[in-house]
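Hi,

Here is the structure I promised to pass on. Have a look at it first, and my notes follow below.

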Amino acid sequence: MALFSVFFLLFLASSSVTVSAAPCNPLCYHKSKAGYFPLSKTVITSGACGYGSLAKGFNKGYIASGIPSLLGEKGVACGSCLHVTCKNKTLCRGKGTVVVLTNSLKQAKNNSDTDLILSDRAYISMAAKGKAEELLALKTVEVEYIRVPCEYKSHNVSVRVDESSKKPERLVLTFLYQGGQTGIYMVTVYAQNNFTRIERDMDRIYGAVWEMKEVPQGSLSFRLFVYNGYDRSFVFSNKDLPADWKVGEIYDLGVQMNDIMDKRDGCTPNCTDGQVDQ
């Protein structure tokens, strides 16, 4: 009986350690504060993800900057979607709003407790009827947020050819309209040169921006190595980047990514540490 008691106590101890170590993963609710900034300002649209002015058009302008941990290593989670709910019951409706992460938020002493800066359009959308001005006057508000799938029903995954591209020395692409709850971890380019098939990997510069030097001739097809939580998969383009690609143009790759994460880890009782596991 004594031996059983020892084993039972050991089991309880190991169980409590397992529970306390459960990661604060992206499918858990995070508690923090959110502020806002006019959509016209660069704090939302430029920087860590590389979307530039294109970000203003994402999700009808419902976009946000987030703390670096939300964007993941080298910005792999750029373009991900968050459902944000205002917790002020007097000024806010309970429905919340969905935003696309387009930039990294640099925290300072005056905003160390703020995880998100929303576009003013997204921030106001959380207000109860007739309470928008009062909510704006607060500057920041208590929120809960959680990662949700992005939906781009009218857009396939696309690439924009960056202005720094130059044939045949360098090709720089920004990946757009990445749906679901996915992250692109590797990009492989295929080209057909006469009877020889060329296979080359691109390098992530930062965020959604990838580059390749010594660009193969001809049209280019793509294989994306995609993470969605614990699952891994390859996504192949159905349309090629044409051989006569032009700087500044956006090209449709003819495929959508709609995979969602599988929640296998538990959440901490108060998920506030801002950590994101990919």
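**What turned up**

Let me start with one serine: leaving aside neighbours within four places in sequence, Ser125 is in contact with Tyr62, Arg93 and Thr97. Keep in mind that this is a predicted model. Ser125 is in the loop between α4 (120-124) and α5 (132-138). Buried or exposed, then, for Ser125? It counts as buried, because its relative accessible area is 13%, and the cut-off for buried is under 20%.

Thr97 also leads into the sheet, since strand β4 covers residues 97-104. That strand runs parallel to β2 (residues 63-66), and four bridges join the two. Within this pair, Ser65 sits opposite Asn103 of β4.

Zooming out, six strands close into a barrel, and going round you meet β1-β5-β2-β4-β3-β6. The pairing is mixed. On average, neighbouring strands of this sheet are turned by 45° against each other, ignoring direction.

Now the bit you may want to open in your own tools: the pockets. The largest pocket has a volume of about 350 Å³. Its lining is made up of 16 residues, and those nearest the centre are Asn59, Lys60, Val100, Glu151 and Tyr152. How do the residues of the lining divide into nonpolar, polar and charged? There are nine nonpolar, four polar and three charged. Val100 ties this back to the sheet, as the residue range of β4 is 97-104.

Cheers

Technical notes
Residues are numbered from 1 along each chain as its sequence is written. This is a predicted model: local features need pLDDT of at least 70, side-chain atom pairs count only at pLDDT 80 or more; totals for chains, interfaces and linings use all residues. Side-chain values use heavy atoms; hydrogens and water are left out. Buried means under 20% relative accessible area, exposed over 50%, partly exposed in between (1.4 Å probe, protein chains only). Contact means heavy atoms within 4.5 Å. On a 1 Å grid over the protein atoms alone, a cavity is a set of points where a 1.4 Å probe fits but cannot get out, and a pocket is an open set with protein on both sides within 12 Å along at least five of seven lines; lining residues have an atom within 4 Å of a point. Grid points are joined across faces, edges and corners, and a volume is the space filled by probe spheres set on the points. Ala, Val, Leu, Ile, Met, Phe, Trp, Tyr, Cys and Pro count as nonpolar, Asp, Glu, Lys and Arg as charged, and the others, Gly among them, as polar. Two strands pair if DSSP finds at least two bridges between them. Axes are lines fitted to C-alpha atoms, for helices over the stretch in contact, and angles run from 0 to 180 degrees between N-to-C directions.
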